[in-house]
Amino acid sequence: MTVLDSRALNRATLARQHLLTRSDTSAPQAVAHLCGLQAQEPQEPFIGLWSRLTDFKPGQLDNALTGRTVVRTHLMRRTVHLVTSDDALAWRARHDTMLRQRVLGTYPRELAGIDLDEVAAAGRAVMADQRPRTMRELVQALEDRWPGPPRRVLGELLVAALIPVAQLPPRGLWQQTAGVRNLPLATWLARDIDPLSAGDGDPVARQLLRRYLAAYGPASSADLRAWCGLAGLPAAVKAAREELVVFRDERGRQLLDLPDAPRPHPDTPAPVRFLPAFDNAVLGYHDRGRIIDAPHRGLSVAGHRTVLVDGRVTATWTVRDRRLHISSLRPLTALEQEAVHTEAQDLTTFLDNGIEHIRLDTGN
């Protein structure tokens with residue numbers, strides 16, 4: 001069985017994530033290929049797409065959101081994601097159990113004894129008038145019936161687990177600040193959520209597996225589970241095994257992949273890329289060693305924006321007081337410094353928010 005070292009896995013990840021070469025695909029097509037973009041920080045997906053797409057303009061994603069081809073909703077790992085409307089409708093029912101379990105696991109005492117189906121039915125009844133509501137407004141309509149849980153907990157239960165909702169624009173539009181207003185997905189998209197399939201295996205799980213491998217592979221079953229948060233996918237992996245190729249990493253873990261997916265040579269040059277907070281390329285795995293060193297792994301879950309140099313997380317970056325500040329995590333060569341600075345200049349043009357200085361702390 002072929003063994004893929006971390007550099008080979010790194011280049012495969014970069015190729016699948018459109019980080020080795022920028023793609024000329026559209027913003028909605030890129031969102032679909034990536035199986036969504038983590039988006040609890042509303043502006044970050046724009047940076048993620050800029051780093052991946054040729055001539056990306058923020059208006060392209062704005063148009064997709066206002067045109068309802070892309071939607072903000074809780075999905076993978078109970079985290080707000082940008083996903084295509086088709087994927088939101090196709091995948092949501094398969095995530096329902098996980099979403100409930102995660103909220104209950106976060107607030108076990110606060111939600112003890114709560115009848116989730118009863119709360120869900122009451123919440124849907126309130127929102128049946130098709131009026132967008134903040135989480136606070138939804139909770140205010142129900143708190144007399146369920147006075148026990150703290151408002152925040154009851155609100156998270158409703159909008160992150162029990163009621164499939166979209167977060168409506170202008171939330172998530174470029175350089176706009178707006179609170180969250182929720183509307184049921186089926187109302188916003190004028191289409192019903194796909195029901196769970198009965199008697200046909202688990203077609204959504206099989207699709208998730210193949211889509212995940214197309215954007216993140218080669219990867220292990222544990223990586224797939226860490227990405228989506230779903231535990232019940234072994235049957236889908238088993239059913240698809242004959243259609244997949246199998247590798248091992250240097251630790252002996254079994255990695256699955258699509259036969260014809262790109263796996264570039266490990267020595268393929270990798271350009272500098274500026275990544276947003278919570279980027280897919282870093283968070284999409286249980287074992288993130290292919291792209292970030294173990295001592296820096298905490299950066300990936302703490303909301304730090306990062307810089308890839310030679311395909312690996314090598315620096316963090318911030319924008320403050322009209323200054324783009326880049327802090328390297330290791331010494332950079334002169335050529336690396338030049339490449340980082342060149343990409344940083346392009347980033348400042350894209351951000352278009354009056355950045356006047358670029359400061360690079362090289363670690364030398």
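**Figure 1. Contacts across the whole chain of the predicted model****.** Among the contacts in the chain between residues at least 6 apart in sequence, 65% join residues at least 24 apart. In this predicted model, the secondary structure comes to 14 helices and 13 strands. The radius of gyration of the chain is 21 Å, close to the 21 Å given by the globule rule for 364 residues, so the chain is as compact as a globular protein of that length. Taken along the principal axes, the box filled by the C-alpha atoms is roughly 65 × 55 × 40 Å. Of the 364 residues, 52% count as buried, and the accessible surface of the chain comes to about 16,100 Å², with 49% of that area belonging to carbon and sulfur atoms.

**Figure 2. The open sheet of five strands, with helix α14 lying across it****.** The strands follow the order β9-β10-β11-β12-β13, and their pairing is mixed. Strands β9 (273-275) and β13 (357-361) stand at the edges with a single partner strand each, so one side of each is left without a neighbour in the sheet. From one strand to the next, the twist averages 25 degrees. Helix α14, made up of residues 334-351, lies across β9, β10, β11, β12 and β13, and runs at about 145 degrees to β13. At the β9 edge, three bridges join β9 to β10 in the antiparallel sense, and Arg 273 stands opposite Leu 308 in β10.

**Figure 3. Two hairpins that share strand β11****.** Strand β10 (residues 305-309) runs antiparallel to strand β11 (residues 312-320), and five bridges join them. Val 309 stands opposite Arg 312 in β11, and two residues lie between the strands of this hairpin, where Asp 310 in the turn has a positive phi of about 55 degrees. On the pairing of β11 with strand β12 (residues 323-328), which is also antiparallel, there are six bridges, and Thr 316 has Ser 327 in β12 as its bridge partner. This second hairpin likewise has two residues between its strands, and here Asp 321 takes a positive phi near 50 degrees. For reading the side chains in such a view, in a regular strand they alternate between the two faces of the sheet.

**Figure 4. The surroundings of Leu 157 in helix α8****.** Leu 157 lies in helix α8, which spans residues 151-162, and with a relative accessible area of 0% Leu 157 is buried, because the cut-off for that class is under 20%. When residues up to four places away in sequence are not counted, Leu 157 touches Val 103, Leu 111, Ile 114, Leu 116, Val 119 and Leu 162. Val 103 is 54 residues apart from Leu 157 along the chain, yet their C-alpha atoms are separated by 6.2 Å.

**Figure 5. The largest nonpolar core and a second, separate one****.** The largest nonpolar core has 63 residues, of which Leu 157, Leu 158 and Trp 227 touch the most other members. Helix α10 (residues 203-216) supplies the largest share of this core, with eight residues. Apart from its neighbours within four places in sequence, Leu 158 is in contact with Val 119, Gly 123, Leu 138, Val 139, Leu 142 and Ile 163. The second core, separate from the largest, comprises 35 residues, among them Val 31, Leu 82, Trp 174 and Phe 350.

How values were computed. Residues numbered from 1 in each chain as written. Predicted model: local features only at pLDDT ≥ 70, side-chain atom pairs only at ≥ 80, totals over all residues. Heavy atoms only, no water. Pairing = 2+ DSSP bridges. Helix = DSSP H or I, 4+ residues; strand = E, 2+ residues; numbered from the N terminus. Buried < 20%, exposed > 50% of the residue type's maximum accessible area, 1.4 Å probe, protein only. Contact = heavy atoms within 4.5 Å. Core = buried A, V, L, I, M, F, W, Y, C linked by side-chain atoms within 4.5 Å. Rg over C-alpha atoms; globule rule 2.2 N^0.38 Å. Areas by Shrake-Rupley, 256 points an atom, 1.4 Å probe, with all protein chains shown as cover. Axes fitted to C-alpha atoms, helices over the stretch in contact; angles between N-to-C directions.
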